Amino acid sequence: MYLIIGLCPHMLDPTTDTGVTSYMDHSTHTVSLNPCFIALSKVHQPNAQGYVRRLWLSIMHRTLTTYPCHLRSRPTMYITSLHSEAMSFLLKKTSSDATQPKSLSSEEQQEKVNEVRGLLGALTEEMPSFLSDTTIYRFLLARNWSTEQAAKGLKETVKWRHEYRPEAISWEDIAEKEDEAKRIHVANCVDKNGRSVLILNMSIKDQIKHMVYLLEHLVMSSADEKDDYGVWIIDVRGWSIASTPFSTTRECLHIIQTYYPGLIAVAIIFDPPRIFESFWKITKSLLDANMRDKVEFLYASKPDSMKTMEELFDKDTLEASSFGGRSTSATFDINKYAERMRGADKMRGESRNANGCN
């Protein structure tokens, strides 16, 4: 298997870290043929990802030291494989690699939950409101009922929650509230299964803190729901390469999958432009098998896609002109939304106090 990486110095973004960030404009079906050099090397499948990481570091170092004059602007990085088998290995798992979830009875599930509690020890008393049976169940389900892996993930999450303190984030902590709420917010409606709806408009703004705040809102709303609860609509209409830094996307996905597993039931990528395909090829390599299975691409111009939206939502509750909705009363109102979020903050605070949390 061979992997060819071509890098154009005028397209290099020096602020990007060592994660593989790459885009190719499929709308023009062209790739720049002005590379500073092309690295051609044999890649063995078992350690291909590690090899690409080391090769990418070498490429960045050589380009930054050899072509500094090309870095006056802030362009975007290109990395292109000319071998489809190499890319298919790096960007997705085959169906044989995906682990099929186990099917357990209710009694067996509770035994697993109790076993994880035993592995967590005193942590269950340290964060009683977070380490509920529902949370443990979700981590077990995401780890295919492995008690060791679920306990490990929960310990990592407890450490992260101590450092990040997501439960303490309030509406008043969100900077530029009105603009941020338009980019990402919890819709004032649910789907036909009663699940909360999180709407994200991909943009260049760093939305990590606000996203974590809303994930905490979903956790509170789904405290008694073991099954995947949230519906995530990602609005990519008008998206461009400059819209979303890859590092932000990677951090968002890491937080959702690592610290909030099992919370998202469906992720809808709505009306993506053709150029988004390249971004998606890289992004999906960051998703675990469970999350990849939840992603749906829907298009406003395709009847089948809109039929799927009708199956998920009551169109009379969706805002008119948004995702095929018909409601004229569901228009986003920042004042009403702020009031709703402050009410949710108050409920979360009361819950923490009841559980003896600071």
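Where does N144 lie? Select this residue and you will find it in the loop between α5 and α6. Keep that spot in mind, as the tour comes back to it. One thing to know before you start clicking is that this is a predicted model.

**The whole chain**

Begin with everything shown as a cartoon. You should be able to trace 13 helices and seven strands. Of the 358 residues in the chain, 46% are buried. Next, think about which parts of the sequence meet in space: of the contacts with a separation of 6 or more, 79% are between residues 24 or more positions apart.

**Stop 1: helix α5**

Now select residues 133-142, which form helix α5. How many of the 10 residues of this helix are buried? The count is seven, so α5 is largely enclosed by the rest of the structure. To see them, show side chains for T134, T135, I136, Y137, R138, F139 and L140.

What do these buried residues pack against? Add α3 (106-120), α6 (147-164) and α9 to your view, and you have the partners.

**Stop 2: where α3 crosses α5**

Hide everything but α3 and α5. Their axes come within 10 Å of each other and cross at roughly 100°. The two helices are therefore roughly perpendicular, since an angle from 65 to 115 degrees falls in that class.

Turn on the side chains at the crossing. From α3, pick Q109, Q110, K112, V113, V116, R117 and L120; from α5, pick D133, I136, Y137 and L140. Coloring by residue type gives a mixed picture, with six nonpolar, two polar and three charged residues in this contact. I136, Y137 and L140 may look familiar, as they are also among the buried residues of α5.

The spacing along a helix is worth a thought while you are here. An α-helix has 3.6 residues a turn, so residues three or four places apart point the same way.

**Stop 3: the loop after α5**

Move on to the residue that opened the tour. N144 follows α5 and has a positive phi, near 55°. This residue is not a glycine. Is N144 buried or exposed? Its relative accessibility is 17%, so N144 counts as buried, the cut-off being under 20%.

Click on W145 as well, which lies in the loop between α5 and α6. Its phi is near 65°, again a positive value in a residue other than glycine. W145 is buried, with a relative accessible area of 2%.

**Stop 4: helices α8 and α9**

Select residues 208-221 for α8 and residues 246-259 for α9. These helices pack at an angle of about 20°, with their axes 11 Å apart. That angle makes α8 roughly parallel to α9. Their crossing is right-handed.

Which residues make the contact? On the α8 side, show I208, M211, V212 and L215; on the α9 side, show T248, E251, C252, I255 and I256. The residues of this contact divide into seven nonpolar, one polar and one charged.

While C252 is on screen, check its accessibility: at 13%, it counts as buried. C189 is another cysteine to select, and it too counts as buried, at 13% relative accessibility. If you are looking for disulfides, the structure holds zero.

**Stop 5: H217**

Stay with helix α8 and click on H217, which is found there. Its relative accessible area is 9%, so H217 is buried. What does H217 touch, leaving out residues up to four places away in sequence? Show V186, M341 and A344 to see these neighbors.

**Stop 6: I264 in strand β6**

For the last stop, select residues 264-270, strand β6, and zoom in on I264. With 2% relative accessibility, I264 counts as buried. Draw a distance from its C-alpha atom to that of W232: the two residues are 32 apart along the chain, and the separation is 6.8 Å.

W232 is one of several residues that I264 touches, not counting those up to four places away in sequence. The others to show are D228, G230, I256, M291 and K294. I256 links this stop to an earlier one, as this residue also belongs to the α9 side of the contact with α8.

Key:
Residues are numbered from 1 along each chain as its sequence is written. This is a predicted model: local features need pLDDT of at least 70, side-chain atom pairs count only at pLDDT 80 or more; totals for chains, interfaces and linings use all residues. Side-chain values use heavy atoms; hydrogens and water are left out. Axes are lines fitted to C-alpha atoms, for helices over the stretch in contact, and angles run from 0 to 180 degrees between N-to-C directions. Helices (H or I, at least four residues) and strands (E, at least two) are DSSP runs, numbered from the N terminus. Angles under 35 degrees count as roughly parallel, over 145 as roughly antiparallel, 65 to 115 as roughly perpendicular and the rest as oblique. A crossing is left-handed if the near helix is turned anticlockwise from the far one by less than a right angle, and right-handed if clockwise. Contact means heavy atoms within 4.5 Å. Ala, Val, Leu, Ile, Met, Phe, Trp, Tyr, Cys and Pro count as nonpolar, Asp, Glu, Lys and Arg as charged, and the others, Gly among them, as polar. Buried means under 20% relative accessible area, exposed over 50%, partly exposed in between (1.4 Å probe, protein chains only). A disulfide is a pair of cysteine sulfur atoms within 2.5 Å.
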